[in-house]
Amino acid sequence: MTRTTLHLFCSAAPPVFDVAKVIEQAQAGGWDVCLGLTPDAARWLEPSLDGLAVLTGHPVRFAYDRPGEPEIWPPADAVLFAPVTFNSLNACALGLTSSFVVGAAAEAIGRGVPTVAVPCVNAAFARHPQFERSVETLRSAGVAVLYGYGENGLAPHEPGRVQGQEHGQEQAGMYPWGAALDMVGAQVAAGRS
C-alpha cells in the first residue's frame, strides 16, 4: 500500500511545540509526513530539528531551495498549515510568498492539493479587518480553514494568553490537532471520490 504524503507547515505559535506528537499521530494514520517551518518556527524548534528530520525521514525545510537543486520531498497529497499565525495566513491569502512554507502552501492551493489551515491568533488580530478577508479568500480557494466558534472551529484567545491557557492554567488539547488531521483525511477522501 502506498502511503499518502502530508506536507505539515507550521508558523511560530505555541502549538508548534507539539509538532512531534502530531507527526507521530499522522504517521499512525498512514501519512508520510514532511515538515516545513517558518524561519521563526525553525528558530524556536532549533534544538529539535535533527530529531524531527529523523522522525519524519525527510529534511525539515524552512528556506527555499536554490535554483536547480533537486526536490527533496515527495509531492504532497495534502497540506496542513497549523498553527498558522496572523502574518502567515494573511501572506498566503495575499500571495506574499517570502517564506518557504507560505510559498509552498500558496502553490499547493493553486495546484488543487487538499489544504487545511488552522489559525492561531489572538482576538485583537482576529478583529483586524484583513483577517476575515484572508479567511474568506482562502475558503473561496478551497482551503478548509478551521476557525470560528463552531464544532470544527477554533475561537481566538485573548491577547497575552497562549491558546490552550485559561485563567493561568494550561488546558491540554485546546488546539484542535486531531480535528485538523481528520479534516485533512476528509479532504483527501472527498478528492478521490
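This is a short selection-by-selection walk through the salt bridges, the cysteines and the packing around helix 4.

Before you click anything, note that this is a predicted model, where local features need pLDDT of at least 70, side-chain atom pairs count only at pLDDT 80 or more, and totals for chains, interfaces and linings use all residues. Residues are numbered from 1 along each chain as its sequence is written, and side-chain values use heavy atoms, with hydrogens and water left out.

**Stop 1: the salt bridges**

The structure has 5 salt bridges, each one a side-chain nitrogen of Lys or Arg within 4 Å of a carboxyl oxygen of Asp or Glu. As background, side chains of opposite charge can pair when their charged atoms come close.

Select Arg61 and Asp65. They form a salt bridge, and the closest N and O atoms are 2.9 Å apart. Colour by accessibility here: Arg61 is buried at 7% relative accessible area, while Asp65 is partly exposed at 28%. (Buried means under 20% relative accessible area, exposed over 50%, partly exposed in between, with a 1.4 Å probe and protein chains only.) Now add Glu71 to the selection: Arg61, Asp65 and Glu71 are linked in a network of salt bridges.

Next, pick Arg66 and Glu69. Their side chains meet in a salt bridge at 3.6 Å, N to O. Arg66 is exposed, with 63% relative accessibility, and Glu69 is partly exposed, with 37%.

Then jump to Glu107 and Arg111, another salt bridge, with the closest N and O atoms 2.6 Å apart. Both sit in helix 5 (residues 100-111), 4 residues apart, so about one helical turn separates them. Helices here are DSSP runs of H or I with at least four residues, numbered from the N terminus. Glu107 is partly exposed at 44%, and Arg111 is exposed at 62%.

**Stop 2: the cysteines**

Show Cys92 and Cys120. Cys92 is buried, with a relative accessible area of 10%, and Cys120 is buried too, at 8%. Don't hunt for a disulfide (a pair of cysteine sulfur atoms within 2.5 Å): the structure holds 0.

**Stop 3: Asn90 and helix 4**

Zoom to Asn90, which lies in helix 4 (residues 86-94). Is Asn90 buried or exposed? It's buried, with a relative accessible area of 8%. Leaving aside neighbours within four places in sequence, Asn90 is in contact with Gln130, Phe131 and Ser134, where contact means heavy atoms within 4.5 Å.

Now bring in helix 7 (residues 129-140). Helix 4 packs against helix 7 at about 55°, with the axes 9 Å apart. That makes the pair oblique. The crossing is left-handed. To see the contact, select Phe86, Leu89, Asn90, Cys92, Ala93 and Leu94 on helix 4, plus Gln130, Phe131, Ser134, Val135, Thr137 and Leu138 on helix 7.

For your own checks, axes are lines fitted to C-alpha atoms, for helices over the stretch in contact, and angles run from 0 to 180 degrees between N-to-C directions. Under 35 degrees counts as roughly parallel, over 145 as roughly antiparallel, 65 to 115 as roughly perpendicular and the rest as oblique. A crossing is left-handed if the near helix is turned anticlockwise from the far one by less than a right angle, and right-handed if clockwise.

**Stop 4: helix 4 against helix 5**

Finally, switch to helix 5. Helix 4 and helix 5 pack at about 40°, with their axes 9 Å apart, and are therefore oblique to each other. The crossing of helix 4 and helix 5 is right-handed. Select Ser88, Ala91 and Cys92 of helix 4 together with Val102, Ala105, Ala106 and Ile109 of helix 5 to light up the contact.

Conventions
Helix = DSSP H or I, 4+ residues; strand = E, 2+ residues; numbered from the N terminus.
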